[in-house]
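Q: I would like a close look at a single part of this protein, followed by an account of how that part sits in the rest of the chain. Please keep it to what the coordinates show.

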Amino acid sequence: MKKSIRKSISSLCLLVIGIATVGLSSCKKKKIEPTLFQLLDSTQTNINFRNTLSDSDYPGILDYLYFYNGGGVAIGDINNDGLPDIFFTSNKKGQNKLYLNKGNYRFEDITEKASVAGMADWCTGVTMADVNNDGYLDIYVCAVAGKLGLKGHNMLYINNHDGTFTEKSAEYGLDFSGYSTQAAFFDFNHDGKLDCFLLNQSNHSVDTYGDTTLRQKVNNQAGSKLYVNQNGHFNDVTQKSGIYSSSLGYGLGIAIGDLNNDGWEDIYVGNDFHENDYYYINNHDGTFTESGAKHFNHYSRFSMGNDIADFNNDGQLDVITADMLPASDAILKTYIGDESYDQYKQKILNGGFQYQ
């Protein structure tokens with residue numbers, strides 16, 4: 001019996017060694033496949049934009065919750081030459097950059113010529129869209145203003161068709177001054193003109209603590225906005241459209257798509273902290289109904305950016321949300337959250353919130 005056991009062990013050892021040998025042999029023969037993308041150096045592309053922040057800058061992370069959230073980037077063909085151009089926003093005043101695509105992955109910094117460096121103290125997201133429907137892309141830059149000494153307003157740069165832009169946010173009704181994150185332009189009422197959903201972020205004040213009835217308390221600086229395009233001017237229709245405009249929404253991500261396949265664009269908003277994400281269904285009559293509780297069992301706890309796309313190519317749009325989680329599992333299991341488990345359960349049972 002001992003001899004049989006030894007024989008079995010020997011066979012097992014040979015099997016393991018054989019597998020290991022095959023593995024090593026395979027590693028030696030395996031060819032390194034070329035990567036799909038190649039990193040290009042700034043000396044080749046001429047893109048040298050940096051959004052540089054320092055711990056000594058004001059406002060810092062202790063004063064401004066989203067100090068390190070970064071700026072924004074938009075890509076589009078501003079001169080209709082078939083090549084995509086790039087616009088970067090900087091958190092610091094006057095340091096936004098517009099790069100014109102010259103072909104062969106080389107870009108030219110035309111910021112000064114184009115007059116788009118920015119006049120707000122703290123810029124955030126940026127969107128390219130043909131706002132005035134003249135066949136040329138315009139640029140809309142969001143900004144944070146009205147707190148911590150930050151001044152300015154959102155800026156709309158109208159394309160002059162000659163490589164220059166003119167700031168006309170006030171003329172178009174889009175010179176909002178508050179806590180903006182990002183804007184999305186889409187034709188929500190199907191009248192052939194682009195409308196605007198303006199995503200704003202909360203000030204993280206005591207106004208955000210309570211139950212979901214706080215969604216009905218309007219905050220003019222932190223609450224998101226819906227604008228309808230009427231003869232080239234954007235009018236605020238937030239209150240009658242069914243869009244929440246309170247400080248409870250920590251809007252950090254927005255995506256537009258026809259999620260229910262009825263031919264009309266819906267809105268998905270990502271909210272940080274204890275508030276649910278919002279899923280607004282388009283009612284085809286200029287109004288929306290927030291219906292997240294009927295369609296999502298739970299949300300990301302700290303929703304940041306998001307996107308909508310047909311991920312698995314089945315004809316149905318899917319939603320991806322980026323959550324702010326620690327990179328290490330050890331940190332995730334040991335760090336102190338912003339609320340206890342009892343507080344979390346209280347939110348679910350009595351506050352009207354959903355699981356996250």
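Which strand forms a hairpin with strand 7, and how many residues lie between them?

A: The model is predicted. Strand 7 forms the hairpin with strand 8, and five residues lie between the two. In the turn, H161 has a positive phi of about 75°.

Strand 7 covers residues 155-159, and five of its five residues are buried. In a regular strand the side chains alternate between the two faces of the sheet. Here M155, Y157 and N159 are on one side, while L156 and I158 are on the other. Both sets are buried, so both faces of strand 7 are covered. The cut-off behind that statement is a relative accessible area under 20%.

Strand 7 has pairing partners in strand 6 and strand 8. Strand 6, residues 138-143, pairs with strand 7 in the antiparallel sense over three bridges. Within this pairing, I139 has Y157 of strand 7 as its bridge partner. Strand 8, residues 165-167, also pairs with strand 7 in the antiparallel sense, and three bridges are found there. In that pairing N159 stands opposite F165 of strand 8. Y157 and N159, which take part in these two pairings, belong to the side of strand 7 that also carries M155.

As for the wider setting, the protein chain contains eight helices and 18 strands. Of its 356 residues, 42% count as buried. Among contacts with a separation of 6 or more, 53% join residues 24 or more positions apart. The chain exposes about 19,400 Å², of which carbon and sulfur atoms supply 54%.

Salt bridges offer another view of the chain; the structure holds six of them. One of these joins K97 and D109, whose closest N and O atoms are 3.1 Å apart. K97 lies in strand 3 (residues 97-103) and D109 in strand 4 (residues 106-109), so this salt bridge ties together parts that are twelve residues apart in sequence. K97 counts as partly exposed because its relative accessibility is 27%. D109 is partly exposed too, with a relative accessible area of 32%.

Another salt bridge links E108 and K102, with 3.6 Å between the closest N and O atoms. E108 is partly exposed at a relative accessible area of 35%, whereas K102 is exposed at 51%.

A further salt bridge is found in helix 7, residues 329-334. The side chains of D329 and K333 meet at 2.8 Å, N to O. These two residues are four residues apart, about one turn of the helix. D329 has 49% relative accessibility and therefore counts as partly exposed. K333, with a relative accessible area of 60%, is exposed.

The surface also has a nonpolar patch, formed by L325, I331, L332 and Y335, with about 350 Å² of accessible area together. L325 is placed in the loop between strand 18 (318-323) and helix 7.

To return to the part in question: strand 7 is mostly covered, pairs in the antiparallel sense with strand 6 and with strand 8, and forms a hairpin with strand 8 whose turn includes H161.

Notes
Residues are numbered from 1 along each chain as its sequence is written. This is a predicted model: local features need pLDDT of at least 70, side-chain atom pairs count only at pLDDT 80 or more; totals for chains, interfaces and linings use all residues. Side-chain values use heavy atoms; hydrogens and water are left out. Buried means under 20% relative accessible area, exposed over 50%, partly exposed in between (1.4 Å probe, protein chains only). Two strands pair if DSSP finds at least two bridges between them. Contact means heavy atoms within 4.5 Å. Accessible areas come from the Shrake-Rupley method with a 1.4 Å probe; for residues, only the protein chains shown count as cover. A salt bridge is a side-chain nitrogen of Lys or Arg within 4 Å of a carboxyl oxygen of Asp or Glu. Patches are made of residues with over 30% relative accessible area and no salt bridge: like charges are joined within 9 Å, nonpolar side chains (Val, Leu, Ile, Met, Phe, Trp, Tyr) within 5 Å.
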